[in-house]
Amino acid sequence: MYTKELILLTGTTETRKTLVNQLQEVIGDFVRIHHFSIEEGIPHVFSNQLIILSTSIIEEETAPYIGSGCKVVVAKRTVNFEHIDKLLFLPENTDALYVNDAPETVYESIETLLQMGINHIRYHPFYPGKKNYAEVKIAITPGEINLVPPFIQEVVNIGPRLIDITTLMTILQHLHLMEKKGDIVSEKYIRKIIDLSQKLSKTTKESDRLNKHLKQVLDGVNDGILAVNNKGVITVFNENLAHMLGMHSTKAIGRNLQDIFRNPELIGFILDDSREEWGWFSIFQTDVIVHRFYLETEGAIVATFKNAHETIEVEKTIRRELVKKGYIAKYTFQDIQGVSSSIQKCKQIAAKIAKTNLTVLIEGESGTGKELFASAIHNESLRQDGPFLAVNFSALPDDLVESELFGYEEGAFTGAKKGGKVGLFEQANGGTLFLDEIGDISLKLQARLLRVLQEKEIMRIGGNKIIPIDVRIIAATNKNLLHMIEQGTYRADLYHRLKILFIHLPELRNRKADIPHLVKVFLRQSGRSHMQIMPEVMEHLIRYQWNGNVRELKNIIDYMLAVCDDSSITLDDLPSESFFQPTASNALSRETLEELPSDTEEFLFILETIFTNNQLGESIGRKKIAEKTQAWKKDLSEQQLRTRLKALEERGFILTSRGRTGIKLTSSGLDYLTKKENRPF
């Protein structure tokens with residue numbers, strides 16, 4: 001009885017028949033497959049179904065039939081290996097049209113064939129609408145016979161392209177069958193390759209050449225593949241496995257397993273045909289995950305080897321799910337606007353940094369575009385197809401940050417979800433994790449984060465299992481971390497671990513040549529490109545110091561667009577001085593308390609209150625201090641206290657922690673209180 005089902009939609013009848021046969025063979029035992037083609041007609045609108053499209057080309061035509069609640073997967077396709085032998089008999093240097101329905105499918109298929117080593121043919125692309133093409137005698141097509149030009153004398157139909165393994169895994173992921181059926185599908189996929197090997201090996205004509213191309217097929221698989229017969233003799237040993245082990249595959253085939261591997265534990269694991277199993281081993285200084293299963297009908301054992309530090313197929317399906325949840329980098333370097341040399345240099349450096357896998361620290365005031373740069377670096381990196389997740393430490397309390405980052409096991413604490421939770425480090429595996437406001441984390445979290453960066457592994461809260469991770473870290477801060485190290489509120493070892501690569505983003509007041517350009521960009525983004533900024537307004541904008549940086553400039557432009565009366569912006573449309581940010585609100589500016597509007601008595605009272613509670617071992621926060629001011633000569637609100645506490649923290653007199661720790665007086669704050677002649681604030 002079927003508990004899961006899906007809808008397959010294709011363009012042509014032949015493609016439908018081929019793909020449904022493939023799906024029936026691989027997953028038909030446990031998934032009901034409904035299938036329709038545009039050529040034959042689609043009967044009705046589907047709702048709340050998993051829809052598999054044979055190609056992105058039919059997305060527009062099938063859209064009217066895909067109703068609410070449907071999940072759509074556009075299949076990735078690969079060459080139909082079952083009919084490749086038709087190509088192998090073509091003479092060397094044969095000129096042939098490769099005919100398909102669209103340019104992308106044509107060039108993609110030609111590239112796949114060349115990568116597989118079927119390079120004795122000179123392929124000439126052909127698709128509907130192509131004007132310049134070679135008039136040759138032979139055409140190769142994946143089932144699109146009706147598109148073959150009339151002058152072609154011989155057609156080699158290799159059959160419609162098949163759905164590739166990554167799409168099959170994506171389907172299982174959507175149907176929540178990965179854990180139960182993922183290994184079965186992998187086995188059937190590899191079995192097809194082995195079946196192809198047997199088919200080709202029985203071919204009498206040019207058998208040596210056929211086996212050479214079979215080897216290309218096996219070498220095209222991402223994993224290392226090993227097969228041994230019931231006597232322990234190696235029958236399959238692909239190039240990926242040879243590369244992992246640093247040897248030639250030709251030296252392994254035909255030899256006994258014990259002659260190649262010196263690890264008795266690994267040999268025993270591979271030859272054990274009692275059950276299917278995964279294992280972790282270290283071979284020639286390479287960590288590998290080995291999956292072993294027994295093919296009873298062939299009397300062979302097959303083992304796949306995955307590099308433990310590379311992304312595996314299951315992780316790819318998870319990453320696709322993360323992208324659909326919005327875990328993507330939204331910006332590229334083209335989105336970062338500016339014509340000044342300083343911003344252009346930053347972009348050039350960031351583009352070079354993107355090509356590495358090293359940790360990056362981005363430093364800059366609020367509003368300078370730290371998140372934009374982090375996103376652009378990810379999109380320019382080798383991890384661009386992986387997830388991009390972000391966490392802002394200033395917006396979350398310590399306990400929540402820890403569970404979000406590392407995840408937790410079921411029952412780890414009161415309120416923990418049933419089944420536990422996967423943390424951001426695990427979810428970002430194979431991609432990038434952006435740690436925003438890294439200067440705001442507690443010393444406890446700093447220590448734990450340092451371990452993750454050093455060991456490349458995590459442990460969930462309440463768990464006892466070490467989980468290896470492959471995540472690139474991009475951190476950002478608007479604080480002066482060196483100053484925090486001097487104050488004892490930030491770990492120097494974590495700072496140096498984060499600052500392997502470094503970018504300082506320039507403040508807008510130091511790149512004023514960008515202001516006219518940015519104004520035009522913001523007008524265009526608002527759909528008001530026709531608006532004229534009067535010269536005196538632009539002069540005023542250029543003179544201003546922009547303590548809020550680009551974000552503040554965007555706010556001012558939005559304000560002026562909202563209040564102006566006609567197609568020009570004049571001085572009358574500028575907001576009052578109170579609208580502008582009076583002082584930079586970040587620690588990088590190193591401002592002193594003398595520069596802040598304040599009352600010395602208020603600061604002394606706050607410091608003395610914190611000191612008294614610290615001495616009594618009691619936790620104190622903003623609310624508690626506000627209550628104590630009610631009995632003093634000035635009744636301060638929590639908002640007023642927020643400003644004063646921030647000034648004290650930037651001066652290094654207090655340390656504000658989230659959670660139960662509360663506010664602590666630093667040694668600098670204590671020195672200030674104990675001096676007989678206090679400096680004025």
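Colleague: Which residue in strand 23 is the bridge partner of glutamate 363?

Modeller: In this predicted model, glutamate 363 has threonine 477 as its bridge partner in strand 23.

Colleague: What makes strand 16 and strand 23 a pair?

Modeller: Two strands pair if there are at least two bridges between them. Strand 16 (residues 360-363) and strand 23 (residues 472-477) are joined by four bridges. Therefore they count as a pair. The two strands run parallel.

Colleague: What is the strand order of the open sheet?

Modeller: The order is 17-20-23-16-24, five strands with parallel pairing. From one strand to the next, the twist averages 15°.

Colleague: Why are strand 17 and strand 24 called edge strands?

Modeller: Strand 17 (388-392) and strand 24 (501-504) each pair on one side only.

Colleague: Now the loops and helices. What makes the phi of lysine 456 worth a remark?

Modeller: Lysine 456 has a positive phi of about 60°, yet lysine 456 is not a glycine. Its place is the loop between helix 16 (443-455) and strand 21 (457-458).

Colleague: Why is lysine 456 called partly exposed?

Modeller: Buried means under 20% and exposed means over 50%. Lysine 456 has a relative accessible area of 45%, so it falls in between.

Colleague: Where does asparagine 549 lie, and is it buried or exposed?

Modeller: Asparagine 549 lies in helix 21 (residues 549-563). Its relative accessible area is 0%, under the 20% cut-off, so it is buried. Asparagine 549 also has a positive phi, near 60°, though it is not glycine.

Colleague: How many disulfides does a search of the whole structure find?

Modeller: Zero. A disulfide needs two cysteine sulfur atoms within 2.5 Å, so the search found no such pair.

Colleague: Why are cysteine 70 and cysteine 346 called buried?

Modeller: Cysteine 70 has a relative accessible area of 18%. For cysteine 346 the value is 8%. The cut-off is under 20%, so cysteine 70 is buried, and so is cysteine 346.

Colleague: How many cavities of 30 Å³ or more are there?

Modeller: Three. The largest has a volume of about 60 Å³.

Colleague: How do you know what kinds of residue line the largest cavity?

Modeller: Sort the lining by residue type. Phe425, Val452, Leu453, Ile469, Val471 and Ile473 are in the lining, and Phe, Val, Leu and Ile count as nonpolar. Lys456 and Asp470 line the cavity too, and Lys and Asp count as charged. So the lining divides into six nonpolar, no polar and two charged residues.

Key:
Residues are numbered from 1 along each chain as its sequence is written. This is a predicted model: local features need pLDDT of at least 70, side-chain atom pairs count only at pLDDT 80 or more; totals for chains, interfaces and linings use all residues. Side-chain values use heavy atoms; hydrogens and water are left out. On a 1 Å grid over the protein atoms alone, a cavity is a set of points where a 1.4 Å probe fits but cannot get out, and a pocket is an open set with protein on both sides within 12 Å along at least five of seven lines; lining residues have an atom within 4 Å of a point. Grid points are joined across faces, edges and corners, and a volume is the space filled by probe spheres set on the points. Buried means under 20% relative accessible area, exposed over 50%, partly exposed in between (1.4 Å probe, protein chains only). Axes are lines fitted to C-alpha atoms, for helices over the stretch in contact, and angles run from 0 to 180 degrees between N-to-C directions.
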